[in-house]
Amino acid sequence: RRAARPAVRPRSSVAAAMISQLFILAPNGHTIVNKDYRGDVPKDSAEIFLRKLVEKSGGEAPIFNVDGVNYMCVRKSGLFFLATTLHNVPPAYVIELLTQLTKVCKDYIGVLNEESLRKNFTLIYELVDEIMDFGYPQSASTAELQAFVFNEPAPVSTPGTTTSRILSNALKSAPKTMSSKAVQKPIALRDDRRSEKNEIFVDVIDRISATFNAMGQVRTFSIDGSIQMKSYLSGSPELHLALNDDLAIASAGKGGYGMVELDNVNFHECVQLDKFDSERMLVLEPPHGEFVLMNFHIGSLRSDTQIPFRITPIMTAVTEYKQELRLQVDATFPEKYHGANVKVHFTVPKSSTGASVELEPGAKGQSSSYDDSTKQITWTIRKFMGTTSHTVSCKFVVGAGSNPRKEMGPISMNFEIPMYNVSRLQVQHLKIVERNKSYNPHRWVRCLTHADSYVCRI
């Protein structure tokens, strides 16, 4: 088939990066991939690992030791990527290797789940064989592995595929937008411009962490964002990605009123920063597959417009024993946007009984649930339009002399706002420099804001 690639093992700390076994386990614990490199660890180590997870009531630990065997695990999309070794390897090194393995698998098979792994069984083993040699890591770069991987990925069906194809054929026109499932396809294994459509996807993502007091005032606020890129481009074209002209980096001593201000930034190693200071342009030759182009951090609130939702809790005593919590959530972002997958969680006092939830009159696309075992109430709003507000009322019975405000937990909120960024960081244009005029790839740019930790103290 081909000559084996020569193994390149570390000279100094040979045992420092030595792995005995590698597993990929399904969410139910069944083994999908099993590689035993050295034979020095018990064959039932995967079962020991799963039993240990069940025993840990406080949550799963990514690294632990049982009977002299070190277990290191990364969980992604419900799958367990597990490595075992008898040696004292650097834990961060192995965790990084397993994390990179998840990215490589996703790049080559498109979508990372149990079905896709089982359908691409041969391809996954080929990737693992190239990444690891006798327990020694070799290369976990998507671009470098392309020269050594020959198995083609098996297609994995996704819901709505048939319907989308019928609609596309009926309209017979090029779409202006692309479904989010478009990035769930594998990269091309060979540089053939005729076989694959050249595409590149850019996502600007804001992750908000905020804490509010009972009056709705902001106590802490931060944004940890990133620009993620997935490249299906053939060859190695040069990309010019321009950001906001009024972008300012506070750590560099720049900033001012009305500017898009970031506290800290860092870039992928492929980025050339020659034009960043003067033109706010990133020049790069993107590697194949998915990678983080840029990370940024905003450590404090710059403007009230950066708060997408305001939470206002009002606690009143209906009777001596009955309490009512009335919760109002206001969307402060423009009306042309909407919040999706909005969920509000809060708990009533553990000593309370008979909790009931009442939605606002005429509520559409809303639902509520109450779990008596955990005393948690979940309020779900399928689509929360901008500049609107919604309320929910919860009544519960408490004992005499109790203080329900102190006994109640905080109110937490999860949400996503498509095509909206509270950081105001934007991709102004994305230019692909290529001498061949017929080379005209598709470029897709999206943005998203979602809650990392959005909490209101009662």
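Helices are DSSP runs of H or I with at least four residues, numbered from the N terminus, and helix H4, which covers residues 121–131, is the home of Leu127. With that in hand, here is a set of close-up views of this predicted model.

**View 1. The whole chain at a glance: eight helices and 26 strands.** Before zooming in, take a moment with the full chain of 458 residues, of which 44% are buried. Its accessible surface comes to about 23600 Å², and carbon and sulfur atoms hold 50% of that area. Among contacts with a separation of 6 or more, 71% join residues 24 or more positions apart.

**View 2. Leu127 in helix H4.** Is Leu127 buried or exposed? Buried means under 20% relative accessible area, so Leu127, with a relative accessible area of 0%, is buried. Setting aside neighbours within four places in sequence, you can find Leu127 in contact with Val104, Tyr108, Leu145 and Val149. Look also for Cys105: it sits 22 residues from Leu127 along the chain, and their C-alpha atoms are 7.8 Å apart.

**View 3. The largest nonpolar core, with 68 residues.** Start with Leu243, Leu293, Phe309 and Tyr454, the members that touch the most others in this core. Strand E8, residues 199–212, is the element that gives the most to the core, namely six residues. Around Leu243, beyond the neighbours within four places in sequence, the contacts are Ile227, Phe276, Arg280, Leu282, Met294, Leu425, Gln426, Val427 and Gln428. Another core of 32 residues lies apart from the largest one, and Ile19, Ala26, Val89 and Leu123 are among its members. As a general background, nonpolar side chains tend to be buried together in soluble globular proteins.

**View 4. Phe346 in strand E19.** Phe346 has 2% relative accessibility, so this residue counts as buried. Which residues does Phe346 touch, not counting those up to four places away in sequence? They are Leu325, Leu327, Lys375, Gln376, Ile377, Cys394, Met408, Pro410 and Ile411. Pro410 is 64 residues from Phe346 along the chain, with 6.1 Å between the two C-alpha atoms.

**View 5. The second largest pocket, with a volume of about 950 Å³.** Thirty residues line this pocket, and Asp203, Ile205, Gln228, Glu290 and Arg446 are the closest to its centre. Helix H2 (91–109) gives two or more residues to the lining, as do E8, strand E9 (218–231), strand E16 (289–298), E19, strand E24 (411–418) and strand E26 (442–456). How many residues of each class make up the lining? There are 13 nonpolar, seven polar and ten charged residues.

**View 6. Asp67 and Asn341, two residues with positive phi.** Most residues other than glycine have a negative phi. Asp67 has a positive phi, near 55°, and can be found in the loop between strand E3 (63–66) and strand E4 (69–76). Exposed means over 50% relative accessible area, so Asp67, at 76%, counts as exposed. For Asn341, phi is also positive and near 55°, but this residue is found in strand E19, residues 338–347.

Key: Residues are numbered from 1 along each chain as its sequence is written. This is a predicted model: local features need pLDDT of at least 70, side-chain atom pairs count only at pLDDT 80 or more; totals for chains, interfaces and linings use all residues. Side-chain values use heavy atoms; hydrogens and water are left out. A nonpolar core is a set of buried Ala, Val, Leu, Ile, Met, Phe, Trp, Tyr and Cys residues joined through side-chain atoms within 4.5 Å. Buried means under 20% relative accessible area, exposed over 50%, partly exposed in between (1.4 Å probe, protein chains only). Contact means heavy atoms within 4.5 Å. Accessible areas come from the Shrake-Rupley method with a 1.4 Å probe; for residues, only the protein chains shown count as cover. On a 1 Å grid over the protein atoms alone, a cavity is a set of points where a 1.4 Å probe fits but cannot get out, and a pocket is an open set with protein on both sides within 12 Å along at least five of seven lines; lining residues have an atom within 4 Å of a point. Grid points are joined across faces, edges and corners, and a volume is the space filled by probe spheres set on the points. Ala, Val, Leu, Ile, Met, Phe, Trp, Tyr, Cys and Pro count as nonpolar, Asp, Glu, Lys and Arg as charged, and the others, Gly among them, as polar.
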